[in-house]
Amino acid sequence: MPYGYVVASNKCCEVAKNKKYIECAHFSVSCKLCPRNTYSITRSVLHNNITNQIQCHDCVNGGQCLEGILTAKPNFWGYKMNQSVRFLQCPRDYCCEENDCESYNSCHGNRTGTICGECPQRMSESLFSTECLPNHKCGSDVVWPLAFCFCTAYLVFFLYHEEIVKFIKKLAFPSQRRQENRDPSEPTQNSSSKNSGMLKILFYYYQVVRLLKNSIGWHKNRTFNDRIENMFSKWFNFIVLGISSFECPFTDLHPVDKQVILHSVGYILLGFLGDLYILTGSIFLLKHSRRSQRQAIERDISATTMNQTPRAPTSCFTSRIASAFTYISLLMYASSAQLCLSLLHCVPVGDNQVFVP
């Protein structure tokens with residue numbers, strides 16, 4: 001019998017006189033459609049005059065029942081529990097988003113698996129969407145050069161952020177530049193702290209904006225300004241930008257790998273800065289061992305600078321590295337928190353816990 005129907009049999013039988021067989025004088029079978037707002041996910045079967053006793057269940061939240069057939073509502077995914085179905089709400093663009101889904105566990109596009117959280121075999125997750133891409137479209141040759149340029153731009157910005165901020169201020173506010181030239185009495189340390197404060201405010205603002213947008217949800221049809229804001233928000237949150245060449249960097253990319261790659265920018269920068277600090281320190285120690293007189297010169301310089309007004313150690317490259325390391329460590333807390341929370345986000349499905357990005 002098709003889904004949504006129940007088989008009912010009615011018979012009048014008795015044992016023959018010789019007790020070797022059963023005689024049925026009357027036997028009837030009827031196929032009844034499940035009542036309104038009920039469903040059945042198991043076919044009714046009649047075998048040797050015996051039915052499998054299928055019952056119609058009441059329609060549950062997250063599903064819609066039409067003529068005994070259960071289908072999912074938009075953004076819901078169902079799973080079997082005995083002969084009934086339970087529904088879970090899906091992440092955006094994971095499950096069926098139409099009003100006429102094919103079944104109770106329909107997925108968006110070609111996604112599959114529990115809560116549509118996986119891609120089929122020989123397909124990979126896209127970094128910037130929920131699409132599943134064929135493996136032959138992944139692993140482009142330009143991924144690593146672009147990633148190197150992307151990380152280099154970050155490093156240059158944080159190593160020389162004071163100079164970059166001053167240069168931008170001079171271009172954006174030429175009148176303020178003239179005023180500073182007329183009144184050069186402002187200490188350098190105050191100007192440096194102001195630039196540092198502005199940079200932190202800018203980072204914190206876009207980090208909060210992204211958290212709010214993720215909690216409320218991004219609109220599908222976004223304007224050009226929204227896309228620019230989203231790009232800046234990703235940059236200030238140390239998240240990989242949505243460049244088409246980065247869409248599928250590796251084959252057979254899974255949801256956990258996807259989350260780690262998206263939030264790995266800050267950790268890669270810290271690793272680069274650590275290597276750069278070790279390299280710079282090694283070169284300094286090598287030169288220092290060859291020139292023993294430099295110790296005395298450094299003591300004289302340190303003795304003379306102790307009585308002067310402290311200033312930002314922009315002249316020493318190792319100090320720049322330490323400053324950049326501190327900045328990135330403090331500013332990447334939002335990205336690290338999102339990564340940890342996303343990796344801990346599991347949904348109970350029956351007796352199992354399933355990871356959902």
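A nonpolar core, as I use the term today, is a set of buried nonpolar-type residues, such as Val, Leu and Phe, joined through side-chain atoms within 4.5 Å. Keep in mind that this is a predicted model.

Let's start with the largest such core. It has 32 residues. Those with the most contacts inside it are Tyr154, Phe158, Phe203, Trp235, Phe238, Leu269 and Ile328. Which elements give two or more residues to this core? They are α1, α4, α5, α6, α7 and α9. The most comes from α1, with 8 residues.

Take Phe203. Leave aside its neighbours within four places in sequence. Phe203 is then in contact with Phe157, Phe158, Trp235, Phe236, Phe238 and Leu331. Apart from this core lies another, of 12 residues. Tyr94, Cys95, Ile115 and Val349 are among them.

Next, a helix pair. Helix α6 packs against α10, residues 333-343. The angle is about 170°, and the axes are 10 Å apart. Angles over 145 degrees count as roughly antiparallel, so α6 is roughly antiparallel to α10. Who makes the contact? From α6, Val256, Gln259 and Val260; from α10, Leu339, Ser342 and Leu343. By class, that contact has 4 nonpolar residues, 2 polar and no charged ones.

Last, the strands. β9 covers residues 76-81 and β10 covers 84-89. They run antiparallel, joined by 6 bridges. Gly78 stands opposite Phe87 in β10. The two strands form a hairpin, with 2 residues between them. In the turn, Asn82 has a positive phi of about 65°.

Methods. Residues numbered from 1 in each chain as written. Predicted model: local features only at pLDDT ≥ 70, side-chain atom pairs only at ≥ 80, totals over all residues. Heavy atoms only, no water. Buried < 20%, exposed > 50% of the residue type's maximum accessible area, 1.4 Å probe, protein only. Helix = DSSP H or I, 4+ residues; strand = E, 2+ residues; numbered from the N terminus. Contact = heavy atoms within 4.5 Å. Pairing = 2+ DSSP bridges. Axes fitted to C-alpha atoms, helices over the stretch in contact; angles between N-to-C directions. Parallel < 35°, antiparallel > 145°, perpendicular 65-115°, else oblique. Nonpolar A, V, L, I, M, F, W, Y, C, P; charged D, E, K, R; others polar.
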